[in-house]
Amino acid sequence: MPNSRKTALILGDGASGTIMANKLRFHSDLRQLEIKVVGNSPAHYFKPDGVMIPFGFKDHSKSVKPTQFLFNHGVEYIRDTVTSIDVQNHKVKTINSGEIGYDYLFIATGDRFATDDLPGYDKAAQHFYSLDGALRLKEKLAEFKGGKIVVGQASIPIQCPPAPYEFTFQLEQYLKLKGLREKTEIHYIYPLNRVFTMPNVSTFIEKLMDEKGIVVHKMFNVDSLDPDSKTLSSLEGEQIPFDLLILVPPHKGQKVITESGLADENGYIDVDRNHLNYRDYDNVFVVGDATNLPISKAGATAHFESEYLANRIASEVNGNAFFESYNGEVACTTITGGQQAITLFFSYNKPPRANFQSKSDYFLKWTSSDTYFSAMLRGIM
Ligand SMILES: Cc1cc2nc3c(=O)[nH]c(=O)nc-3n(C[C@H](O)[C@H](O)[C@H](O)COP(=O)(O)OP(=O)(O)OC[C@H]3O[C@@H](n4cnc5c(N)ncnc54)[C@H](O)[C@@H]3O)c2cc1C
């Protein structure tokens with residue numbers, strides 16, 4: 001049946017693109033569906049380890065693998081950059097491989113740091129949101145002898161909303177281990193009138209911050225940054241001087257998304273939240289951080305989204321019925337300091353419950369790069 005063989009094209013070779021490709025391969029027949037991935041990352045970095053690497057709590061050699069070896073048999077990986085996406089004519093343009101057509105398109109291009117949006121950022125701020133950033137920060141922390149550290153995020157949305165509080169708890173523990181806690185003030189800024197988006201989790205986290213002597217600044221929406229006086233100012237009129245600023249950079253979707261007319265200047269694509277289709281295109285889907293879904297921006301979200309889409313498309317290609325929808329399901333483990341963590345389960349209709357932290361949850365998190373590379377990315381869990 002060579003003439004009826006369909007092509008699934010996946011844009012992006014990060015968490016979402018890789019899980020999507022491998023899960024779709026797992027569920028579909030090689031003779032009925034060919035799967036191509038276009039992506040431009042030679043190395044695949046497990047970003048959650050960014051809350052451990054700056055403190056030496058984990059060695060980064062376990063956090064990176066060569067991208068091309070992460071795709072299962074039957075997935076064609078094309079190392080290239082997508083320069084335009086034409087959903088009306090079912091094709092994309094790339095720098096080296098020309099035009100590539102498709103029957104089904106999955107956009108999984110994630111997002112990017114938009115540090116130009118905050119003048120002074122590159123000069124005055126550190127972050128832990130990329131491997132380079134985490135390693136630079138590790139050097140800065142090794143030189144740190146005490147003072148005032150401000151931690152937070154430059155804007156909303158960001159990848160993994162819990163990561164700033166996870167990092168702050170790890171920082172507190174690190175300073176204790178180094179004998180610097182008494183000499184250091186930790187200030188945590190957050191743009192809402194709580195310390196995390198989800199109210200129930202926020203109450204739990206705020207109590208822990210209080211117990212650990214972390215100073216919280218709510219309703220702090222970053223407005224400007226003065227690298228010379230080392231001062232961070234908010235839209236609300238508050239100013240905080242710092243010795244070390246650890247600020248998650250402003251995020252935006254990829255330029256190719258905006259330039260292809262799929263999103264506004266923020267670059268995040270609106271999708272149907274239960275079916276993940278782009279507008280009324282029944283063959284165009286968006287997975288992971290590239291979407292505009294409020295619940296998204298986590299590898300765990302991409303994992304559940306891919307499971308839904310892979311089953312749905314495999315059923316369609318096989319000519320079978322499929323009645324399920326994606327309900328916003330996510331499970332994610334977040335560190336709360338002192339080798340403790342909490343695991344949150346939630347969906348669109350079910351808010352998470354944060355009741356207790358445990359050491360076993362912490363070790364679940366600590367070992368998650370192994371689970372990720374060996375099972376989750378491979379599409380077998
Ligand atoms: C510090 C930190 C901690 C985190 N902790 C957790 C956690 O505990 N749990 C969790 O679930 N999530 C966590 N996350 C979030 C998680 O890592 C991201 O949500 C996930 O990586 C998103 O995957 P993605 O594939 O959508 O985007 P990305 O991983 O960014 O991948 C996008 C890919 O597309 C490629 N690409 C982009 N544009 C183009 C183009 N034009 N042409 C070709 N290729 C292109 C890029 O090179 C990249 O490889 C964390 C993130 C950070 C930064």
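Begin by selecting strand β18 in this predicted model and showing its side chains: L244, I246 and V248 point one way from the strand, while L245 and L247 point the other way, and all of them are buried. In a regular strand the side chains alternate between the two faces of the sheet. Because five of the five residues of β18 are buried, the strand is largely enclosed by the rest of the structure.

Next, extend the selection to the sheet around β18, which is an open sheet of five parallel strands in the order β11-β18-β12-β13-β14. The edges are taken by β11 (125-126) and β14 (215-217), each of which has a single partner strand, so one side of each is left without a neighbour in the sheet.

The pairings can then be followed one at a time. On one side of β18, two bridges join the strand to β11 in the parallel sense, and here Q126 has I246 of β18 as its bridge partner. β18 also pairs with β12, again parallel, over five bridges, and within β18 the residue standing opposite G152 is L247. Farther along the sheet, strand β13 (residues 184-189) runs parallel to β14 and is joined to it by three bridges, with V215 of β14 as the bridge partner of H187.

Now add helix α4 (residues 163-177), which lies across β12 (147-153), β13 and β18 (244-248) and runs at about 160° to β12.

With these elements in view, colour the chain by domain: domain 1 covers 2-110 + 254-328, and domain 2 covers 116-250. The centres of the two domains, taken over C-alpha atoms, are separated by 31 Å. To the contact between them, domain 1 gives 15 residues and domain 2 gives 18 residues. If you select the side of domain 1 that touches domain 2, you will find nine nonpolar, three polar and three charged residues there.

The last stop is the ligand. Which residues come nearest to it among the 35 around it? They are G12, G14, G110, C160 and G288, and these are good labels to switch on before displaying the remainder of the shell. The elements that give two or more residues to this shell are α1 (15-27), β2 (33-39) and α7 (299-318). Coloured by residue class, the shell around the ligand shows 16 nonpolar, 15 polar and four charged residues. Since domain 1 and domain 2 both give residues to the shell around the ligand, the ligand lies between them.

Terms used: Residues numbered from 1 in each chain as written. Predicted model: local features only at pLDDT ≥ 70, side-chain atom pairs only at ≥ 80, totals over all residues. Domains from an automatic or database assignment. Contact = placed C-beta atoms within 7 Å. Nonpolar A, V, L, I, M, F, W, Y, C, P; charged D, E, K, R; others polar. Near = placed C-beta within 6 Å. Helix = DSSP H or I, 4+ residues; strand = E, 2+ residues; numbered from the N terminus. Pairing = 2+ DSSP bridges. Axes fitted to C-alpha atoms, helices over the stretch in contact; angles between N-to-C directions. Buried ≥ 20, exposed ≤ 12 C-beta atoms within 10 Å, placed from the backbone.
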